[in-house]
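Please open the model in your viewer and keep the selection panel at hand. The tour goes from the whole chain to its cysteines and then to a single threonine.

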Amino acid sequence: MLLERSSEFSWFGHMWSHAQPHQLTVATMQAEMRQNRDFAVAHNISTNTNYSVAPHHSGVYPVHEPLYEAWRKLLGIQVTSTEEYPHLRPVQARRGFIYKGIKVLPRQLCGLFTHTVFLDQYPGGKQVLINSIQGGELFQTILSTPVSIFMTHLSNYGNDRLALYTFESAVKFTQCWTNLQLKTETPQMMAERYFKMYPEEEDPVWQNPCNDKRHRDIWAPNKTCNRLPNFLVIGPQKTGTTALYTFLSMHPSIMSNSNSDSTFEEVQFFNGNNYYRGLDWYMNFFPKPAADAGPIYLFEKSATYFESEVVPARAHALLPNAKIITLLLSPSRRAYSWYQHQRAHGDAASLNYSFYDVARANVSSPRALRSLQHRCLNPGLYARHLGDT
């Protein structure tokens, strides 16, 4: 089934005079959103689609936090789309994600560009567009993407109505030569259907914008590529990671993340709910190295990363060149140290059971004892966790 967004939903998303949102102040961006909304209301243009796009593809991914905040608070936006996640091409590799309640759908290209107004002015000639429609790139895109969102510029709907000709021809050709059932849905319904089909895509995967020139160009100017860690200390717990963190921080060319209110010296970004707070939240833990400071190496220490199943993929996506440091000591010593740590913090199970009980616990043991055993012994399964990493 192909779900294609109707053209009636394509206009309201443009909130600015085609200016990139991250180039505006928050106040200016919000003022232009209100002005655009008031204009739509005054001219009886529908504003209840709960869908929006950002000019120049910016702000949706890499995420610009003020854009998402303004969308939710001022306009009640629930759905948007982007060609940039995880990258412009290929079409089959694009995916969606959900960020702070806003569903981001993958958007496709249609071969129509700003300077293309008339059919006889199409780059390469009219036949190039016809070939794309009749079995070429546009047709193949429709076949390979069960949920398709196409967006063109307003100029393509005026003059000789090039966009309408393109999509009407593509639909007719598809209906003639395939058995696909084509259906048009509202953005909200499309988003619901999409994430039912691909629930594994709901969680975003933050990639490093510094590795892609196009992503750097549509990233906020106050972002800097040298504010992400060069290496990670990943644990496991009770192996001396806090001591290493302290010693490394003494070096004038090495800087750690700032402390967290809830997890102290650990950010614990990649392995928990903090990941959904986004890249801005993570980067704010790291200082901006001064221009004249010489080489500075940033690092983060989160000992809970070691045994997490989701950390390797997430950390590699954002920090593909980062070095990984892990500290290992005898698994039995590490387990006993964690057991004593739990006792020192008043953990009920550790106060009720000896370490001997913990080591001998089995499937028939009380749940609290089995849970304590898992916390004591699981991080010490070094081969398993290092193999996943």
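With the whole chain selected, consider the contacts (heavy atoms within 4.5 Å) that have a separation of 6 or more: residues 24 or more positions apart account for 75% of them. This is a predicted model, in which local features need pLDDT of at least 70 and side-chain atom pairs count only at pLDDT 80 or more, while totals for chains, interfaces and linings use all residues. Residues are numbered from 1 along each chain as its sequence is written, and side-chain values use heavy atoms, with hydrogens and water left out.

Switch to a cartoon view, where 15 helices and 10 strands can be traced; helices (H or I, at least four residues) and strands (E, at least two) are DSSP runs, numbered from the N terminus. Taken along the principal axes, the box that the C-alpha atoms fill is roughly 80 × 55 × 40 Å. Of the 389 residues in the chain, 47% are buried, where buried means under 20% relative accessible area, exposed over 50% and partly exposed in between, with a 1.4 Å probe and protein chains only.

Next, select Cys-210 and Cys-225, which form a disulfide with their sulfur atoms 2.3 Å apart; the term stands for a pair of cysteine sulfur atoms within 2.5 Å, and the structure holds one such pair. Cys-210 lies in the loop between helix H6 (187-197) and helix H7 (213-217), and Cys-225 in the loop between H7 and strand S7 (231-233), so the bond ties together parts that are 15 residues apart in sequence. Is this disulfide left-handed or right-handed? The torsion about the S-S bond of Cys-210 and Cys-225 is about -105°, so the disulfide is left-handed.

Colour the cysteines by accessibility. Cys-210 counts as buried at 15% relative accessibility, whereas Cys-225, with a relative accessible area of 39%, is partly exposed. Then add Cys-176, which counts as exposed at 56%, and Cys-376, which counts as buried at 1%.

Finally, centre the view on Thr-80 in strand S2 (residues 79-82), a residue that counts as buried at 0% relative accessibility. Show the backbone of Ser-52 as well, since its oxygen lies 2.6 Å from a polar atom of the Thr-80 side chain. Leaving aside residues up to four places away in sequence, Thr-80 touches Tyr-51, Ser-52, Val-53, Val-60, Trp-71, Ile-102, Lys-103, Val-104 and Leu-105.

Definitions and conventions:
A polar contact is a pair of N or O atoms within 3.5 Å; within protein, one must be able to donate a hydrogen and the other to accept it, and residues adjacent in sequence count only if both atoms are side-chain atoms.
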